[in-house]
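Student: I have a model open and would like to learn how to read it. Could you walk me through a few features, beginning with one residue?

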Amino acid sequence: MELTNGSLLYPSLGHMEFGLVDFMDENDTNSTTGEQNGMGCVQIHVPQELFLALGLISLVENILVILAIMKNRNLHSPMYYFICCLAVSDMLVSVSNVVETMFMLLNDHGLLDVHPGMLRHLDNVIDVMICSSVVSSLSFLCTIAADRYVTIFYALRYHSIMTTQRAIAIIVVVWLASIASSILFIVYHTDNAVIVCLVTFFCITLVFNAVLYLHMFVLAHAHSRRIVAFHKNRRQSTSMKGAITLTILLGVFILCWGPFFLHLILILACPTSPFCNCFFRNFNLFLILIICNSLIDPLIYAYRSHELRKTLQELILCSWCFGA
């Protein structure tokens with residue numbers, strides 16, 4: 001059984017791409033760079049080594065973010081707990097990509113003979129991991145947006161509203177819901193309703209975040225006038241900085257995952273259209289964008305948070321000294 005990126009891995013990538021396992025195999029995903037078919041579609045080849053390299057880099061980055069948040073007590077707050085979970089979601093993408101790509105490379109070089117049954121089980125596990133990643137990422141982006149909203153508009157009551165216990169409860173509920181829904185999506189992957197649910201969830205989260213951010217940025221200035229104490233104004237400024245950071249994260253998420261969700265929409269809208277088939281042929285490019293999202297997010301955390309950046313520098317320095 002041939003292993004190809006986009007046919008073994010990713011929810012709705014391996015299972016839900018209207019049978020993209022078959023679709024990608026039929027169209028030979030691993031074509032040469034710039035290859036054209038009879039319809040004039042350009043199919044760009046993405047080396048498997050690139051998938052592996054990006055996966056390893058993003059895996060290391062997200063592990064460092066998680067360790068930094070665990071190490072620095074100043075980062076032990078609900079927002080950073082949610083950011084830590086977002087890093088775990090990104091790490092799931094990295095781990096699944098690295099595992100899948102290593103299997104492909106070993107298989108291509110004749111170093112591994114995978115039984116089809118084992119391959120299907122591995123496929124299911126990876127699909128659940130990736131589906132959990134996308135669902136949890138969207139959920140935690142909404143959670144962080146709600147946290148920033150409460151911080152800005154209910155600043156005096158924030159610590160009584162968003163307690164550590166409630167934050168932990170939210171995290172547990174999100175992960176349980178993400179894993180459960182992912183398993184259901186994989187079990188019923190042949191039903192188009194699964195794709196409809198994913199696209200609908202994506203659109204709902206975008207609208208939810210857009211409404212909250214619009215309200216925050218339009219009314220934040222007016223709200224800040226109600227808080228006259230200097231340290232409260234400082235907290236307001238810090239909260240707005242957090243809101244801006246999450247706006248950047250959301251924008252990057254949309255840019256990196258948008259083509260994949262467009263892919264799902266086209267599966268429902270025009271599965272046999274020549275134009276859509278040309279779009280489907282470059283599916284590996286969309287996978288690269290998804291991996292890049294996992295790689296870019298830690299850079300955003302570090303750039304926007306001085307405290308996190310300082311802790312990351314300490315971790316890297318300690319690792320370098322230990323290695324030396």
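Tutor: Happy to. T205 is a good place to start: this residue is found in helix α7. Keep in mind that this is a predicted model.

Student: Is T205 buried or exposed?

Tutor: Look at the relative accessible area; under 20% means buried. T205 has 3% relative accessibility, so this residue counts as buried.

Student: And which residues is T205 in contact with, leaving aside its neighbours within four places in sequence?

Tutor: Those would be L138 and C142.

Student: Okay, let's zoom out. How many helices and strands does the protein chain have?

Tutor: There are 11 helices and two strands. Walk from the N terminus and the order is α-β-β-α-α-α-α-α-α-α-α-α-α.

Student: What share of the residues is buried?

Tutor: Of the 324 residues in the protein chain, 51% are buried. As for the surface, the chain exposes about 15,300 Å², and carbon and sulfur atoms supply 70% of that area. Contacts are worth a look too: take those between residues at least 6 apart in sequence, and 79% of them join residues at least 24 apart.

Student: Now the rings. How do I describe a pair of aromatic rings?

Tutor: You use two things, the distance of the centres and the angle of the planes. A search of the whole structure here turns up nine aromatic pairs. One of them is F202 with F261, a stacked pair with 4.0 Å centre to centre and 10° between the planes.

Student: Where in the chain do F202 and F261 lie?

Tutor: F202 lies in helix α7 (residues 192–224), while F261 is in helix α8 (residues 230–269), so their pairing ties together parts 59 residues apart in sequence. F202 is buried, at a relative accessible area of 8%, and F261 is buried as well, at 2%.

Student: What about the rings of F283 and F286: why is that pair edge-to-face?

Tutor: Planes over 60 degrees apart count as edge-to-face. The planes of F283 and F286 stand at 80°, with ring centres 6.0 Å apart, so the pair fits that description. Both residues sit in helix α10 (residues 283–304), three residues apart, which is about one turn of the helix. Both F283 and F286 are buried.

Student: Which residues form an aromatic cluster with F202?

Tutor: F253, W257, F260 and F261 join F202 in one aromatic cluster.

Student: Let's try a small polar residue. Where is S96, and what does its side chain reach?

Tutor: S96 has its place in helix α3 (residues 78–108). It is buried, with a relative accessible area of 1%. The side chain of S96 reaches the backbone oxygen of L92 at 2.9 Å. A polar atom of that side chain also lies 2.9 Å from the backbone oxygen of V93. Then look along the chain: S96 and I126 are 30 residues apart, yet their C-alpha atoms are separated by 5.6 Å.

Student: Last one. How do I check the span of a helix, say α6?

Tutor: Count 1.5 Å a residue and compare. Helix α6 (residues 164–187) has 24 residues and should span 34 Å; its end C-alpha atoms are 35 Å apart, which agrees.

Student: Which residues of α6 are buried?

Tutor: The list is A167, I171, V174, W175, S178, S181, S182, F185 and I186.

Note on methods: Residues are numbered from 1 along each chain as its sequence is written. Side-chain values use heavy atoms; hydrogens and water are left out. Helices (H or I, at least four residues) and strands (E, at least two) are DSSP runs, numbered from the N terminus. Buried means under 20% relative accessible area, exposed over 50%, partly exposed in between (1.4 Å probe, protein chains only). Contact means heavy atoms within 4.5 Å. Accessible areas come from the Shrake-Rupley method with a 1.4 Å probe; for residues, only the protein chains shown count as cover. Rings of Phe, Tyr and Trp (its six-membered ring) pair if their centres lie within 6.5 Å; planes under 30 degrees apart count as stacked, over 60 as edge-to-face and the rest as tilted. A polar contact is a pair of N or O atoms within 3.5 Å; within protein, one must be able to donate a hydrogen and the other to accept it, and residues adjacent in sequence count only if both atoms are side-chain atoms. The expected span of a helix is 1.5 Å times one less than its number of residues.
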